Structure formats: structure tokens, C-alpha cells
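Hi everyone, thanks for making time this morning. I'd like to walk you through one model, starting with its pocket and moving on to its charged pairs. Have a look at it first, and then we'll talk.

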Amino acid sequence: MTAEPLERFLDRHEQLTAPVPHPGPLILRTAHEEDLPELQRLDEEVFQEVAYPGFLLRQLFDMYAEHLLVLDDGTGRLRGYVLAATTALDRDSWILGLCVTPDRRRHGLGRELMEAVLDRLRRTGIQRVRLTVEPSNRAAILLYRSLGFRPEEPDAGLRPDYFGPGMDRQVLCLRLAPGT
């Protein structure tokens, strides 16, 4: 029996332990009613203890379906979503959720979701978009700032206990130019 060269062993070992490439491209699309169970699973995976309850996701879907966009991997699993809520009279909107699964982060998918929903909001006449973000979530804050979101208030938008004791949030705002 002859020994296998170490280089060949390492090459084969690296092939076995290398990350599996992601299946085909993700499809950015409007959510469908049949996506609700998978959307709830995704929301719980990413947001854990602050995930939306299933009944609320259902109602948000019913109210804002045209502004609920998902990233579909083609296998029945959703890899991200963005949800915007709108008001009819004062042309305001809130981003109620943005998430991408941990295995798909750092590939521009959050930006793609945000740009798509902001484009939809702009086309429907929305003039101001607001959102909240955990002050320690630097990646999200950098994304939002790169899209033009800024604190609306002089105190940098920091709202202590916004969602309850110890749940501080930064409130950011983006003014949308009509027709752009």
C-alpha cells in the first residue's frame, strides 16, 4: 500500500469541507398567501424572541401585500423579506421588517430588498419612509444610511425604551422625491 501525498489528501479534504455553493439565484417577488407559514418560520429564525406572531403576519399580509417582498430560493424556502406599511392620507410609510437569513448575508440582498420596496413606495406617491433599528446593529445602520436614511430628530433619533424597557431603537427617515 502506498501513501497518498499530503497535498492530494488536503485537496480532497478541502473539497469535502468547503461550503456548499448556494443553489440557483434568488427570486425577488411579491409574497403570496401560501408563503405565510414559511414567512413565519423565516421571521422566527431571524428575529427570534421579537418575531411577529403568526396572526399578525397574516394581518400585515392582508393589509400590505403589495409591499411585502420576499427572496425565494426556488426550493420552497424564503431567504429574506422586506415589509412596508403605508398610510393613505399623509403619504407616510414605515419599514416594518427587513431580514436576510444568516447564510445569505453580506451579498447585497438587504440592499436589493430595500431598493425594490423603496421604488414601489416612490411610485405609489409615498413621500416619507421611516424605520427603527437597534442602535447596536451597525450593519443595518450602515445600510440604511447608505440608502439616505437619516435621524429625523436632533437627538440622533435615539428613542429609549421604544419597544419597552431596555428595547431602545434609533428612528431613521428618508424623504422620497416624487417621480425619481
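Before the pocket, a word on how I name the pieces: helices (H or I, at least four residues) and strands (E, at least two) are DSSP runs, numbered from the N terminus. What we have here is a predicted model, in which local features need pLDDT of at least 70 and side-chain atom pairs count only at pLDDT 80 or more, while totals for chains, interfaces and linings use all residues. Residues are numbered from 1 along each chain as its sequence is written, and side-chain values use heavy atoms, with hydrogens and water left out.

So, the pocket. On a 1 Å grid over the protein atoms alone, a pocket is an open set of points where a 1.4 Å probe fits, with protein on both sides within 12 Å along at least five of seven lines; lining residues have an atom within 4 Å of a point. Points are joined across faces, edges and corners, and the volume is the space filled by probe spheres set on them. By that recipe, the largest pocket comes out at about 1,200 Å³. Its lining has 38 residues, and those nearest the centre are F47, L98, N137, A140 and Y144.

Which element gives the most to that lining? That would be strand 4, with seven residues. Several elements supply at least two residues each, among them helix 2 (36-47), helix 4 (109-123) and helix 5 (138-146). Split by class, the lining has 23 nonpolar, seven polar and eight charged residues. For that split, Ala, Val, Leu, Ile, Met, Phe, Trp, Tyr, Cys and Pro are nonpolar, Asp, Glu, Lys and Arg are charged, and the others, Gly among them, are polar.

On to the charges. Side chains of opposite charge can pair when their charged atoms come close. My cut-off for a salt bridge is a side-chain nitrogen of Lys or Arg within 4 Å of a carboxyl oxygen of Asp or Glu. The whole structure has 13 of them.

Take R79 and D103, which meet at 3.6 Å, N to O. R79 sits in strand 3 (residues 78-86) and D103 in the loop between strand 4 and helix 4, so this pair ties together parts 24 residues apart in sequence. Are the partners buried or exposed? I call a residue buried under 20% relative accessible area, exposed over 50% and partly exposed in between (1.4 Å probe, protein chains only). R79 is buried at 13%, and D103 is partly exposed at 38%. Both also belong to a salt-bridge network with D73 and R104.

Next, R130 and D92, with their closest N and O atoms 3.1 Å apart. R130 is in strand 5 and D92 in strand 4, so here the parts tied together are 38 residues apart in sequence. R130 is buried at 17%, and D92 is buried at 6%.

Within helix 4, R111 bridges to E115 at 3.8 Å. Those two are four residues apart, about one helical turn.

Last, some backbone angles. Most residues other than glycine have a negative phi. Q48, in the loop between helix 2 and helix 3 (54-64), has a positive phi of about 45 degrees, and is exposed at 54%. R106 has a positive phi of about 70 degrees, and is exposed at 78%.

That's my tour, so over to you!
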